[in-house]
Amino acid sequence: ALERSLAVNALNAAAGDPDRLTVELSAALAIEAHKLSPSSEAWAAASRMLGLLPAAVFARESEIVAAELSPDGSRLLVLTQEGVGTLHEPNGKETFRFAAGPAQTTAAWSPSGKSFATGSADGRITVFDVSGATVSSAKVELDTGNYAGLSVQPHALAVRALAFLSESKLLAIGADRISLIDAASGRAVDE
């Protein structure tokens with residue numbers, strides 16, 4: 001019941017056109033609600049607040065392409081199109097910054113919250129641990145071949161979505177097709 005009350009209070013406080021402090025405090029309430037119990041109400045409140053935070057707290061010179069809350073609600077991953085990534089505590093304090101590479105398009109947390117992945121327009125997928133160290137890297141490419149009568153040369157596929165498969169080390173990559181890689185090694189998994 002406490003998490004529901006926190007979630008409702010966060011949404012009520014941020015109704016209308018809230019100022020920066022109200023957004024920050026409402027986001028903190030929503031994250032606390034999610035940490036207490038990851039219910040649909042708590043998630044809705046946290047998601048709503050995350051939508052407001054980039055403009056209020058995480059103003060960057062480059063477009064923000066991902067703002068992902070860790071599975072336990074203790075960290076926020078923010079990724080810009082230019083490849084600057086940052087991790088933040090629930091109060092908005094930046095804990096560290098890392099370079100993901102240019103033309104970033106998406107990011108996702110592992111179920112354990114100990115690592116996360118970023119994807120780019122040039123097909124590069126990079127898995128980082130929470131200290132920002134690179135764990136693995138891979139590139140998604142379309143194979144050379146004959147598709148619908150057309151000769152196709154190998155080229156990179158833009159990464160549009162990433163998702164770690166539940167409780168596993170496999171990472172699903174959405175480009176022009178779905179691919180699976182081993183997040184630890186970066187090697188493709190046979191389809």
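**Close-up views of a predicted chain**

**View 1. Three residues connect S14 to S15 in a hairpin.** This is a predicted model, in which local features need pLDDT of at least 70 and side-chain atom pairs count only at pLDDT 80 or more, while totals for chains, interfaces and linings use all residues. Residues are numbered from 1 along each chain as its sequence is written, and side-chain values use heavy atoms, with hydrogens and water left out. Strands (E, at least two residues) and helices (H or I, at least four) are DSSP runs, numbered from the N terminus. Strand S14 covers residues 170–174 and runs antiparallel to S15, with five bridges between them; two strands pair if DSSP finds at least two bridges between them. Follow the ladder and you will find Gly174 opposite Ile178 of S15, and Leu171 opposite Ile181 of that strand.

**View 2. S13, S14 and S15 line up, in that order, as an open antiparallel sheet of three strands.** Its edges are S13 (161–164) and S15 (178–182), each of which pairs on one side only. Neighbouring strands are turned by 25° against each other on average, direction ignored; the axes are lines fitted to C-alpha atoms (for helices, over the stretch in contact), with angles from 0 to 180 degrees between N-to-C directions. In a regular strand the side chains alternate between the two faces of the sheet. S15 shows a covered face with Ser179 and Ile181, and an uncovered one with Ile178, Leu180 and Asp182.

**View 3. The largest nonpolar core brings together 12 residues.** Such a core is a set of buried Ala, Val, Leu, Ile, Met, Phe, Trp, Tyr and Cys residues joined through side-chain atoms within 4.5 Å. Buried means under 20% relative accessible area, exposed means over 50%, and partly exposed lies in between (1.4 Å probe, protein chains only). The members are Ala108, Ala117, Ile125, Val127, Ala138, Val159, Leu162, Phe164, Leu171, Ile173, Ile181 and Ala183. S7 (124–129), S13 and S14 each contribute at least two of these residues. To explore the packing, start at Ala117: leaving aside residues up to four places away in sequence, Ala117 touches Thr106, Ala107, Ala108, Thr126, Val127, Leu162, Phe164 and Leu171. A contact here means heavy atoms within 4.5 Å. In soluble globular proteins, nonpolar side chains tend to be buried together.

**View 4. Phe96, Phe98, Trp109, Phe116 and Phe128 are linked into a cluster by ring pairs.** Rings of Phe, Tyr and Trp (its six-membered ring) pair if their centres lie within 6.5 Å; planes under 30 degrees apart count as stacked, over 60 as edge-to-face and the rest as tilted. This rule yields five aromatic pairs. The rings of Phe96 and Phe98 have centres 6.1 Å apart and planes at 50°, so they form a tilted pair. Both partners count as buried, Phe96 at 17% relative accessibility and Phe98 at 7%. Phe116 and Phe128 are stacked instead, at 5.5 Å centre to centre with 25° between the planes. Because Phe116 lies in S6 (residues 115–120) and Phe128 in S7, their pair ties together parts that are 12 residues apart in sequence. Phe116 and Phe128 are buried as well.

**View 5. A second open sheet has four strands, in the order S1-S2-S3-S4, with antiparallel pairing.** S1 (64–69) and S4 (94–99) stand at the edges with a single partner strand each, so one side of each has no neighbour in the sheet. From one strand to the next, the twist averages 15°. Further in, S2 (residues 76–80) and S3 (residues 84–88) run antiparallel and are joined by four bridges. One place to look is Leu76, whose bridge partner in S3 is His88.

**View 6. Ser5 sits in helix H1, which spans residues 2–13.** With a relative accessible area of 35%, Ser5 is partly exposed. Ser5 and Glu41 are 36 residues apart in sequence, and their C-alpha atoms are 9.6 Å apart in space.

**View 7. Zooming out, the chain holds three helices and 15 strands.** Of its 191 residues, 40% count as buried. Among contacts with a separation of 6 or more, 38% come from residues 24 or more positions apart. The chain exposes about 9,800 Å², with carbon and sulfur atoms supplying 52% of that area. Accessible areas come from the Shrake-Rupley method with a 1.4 Å probe; for residues, only the protein chains shown count as cover.
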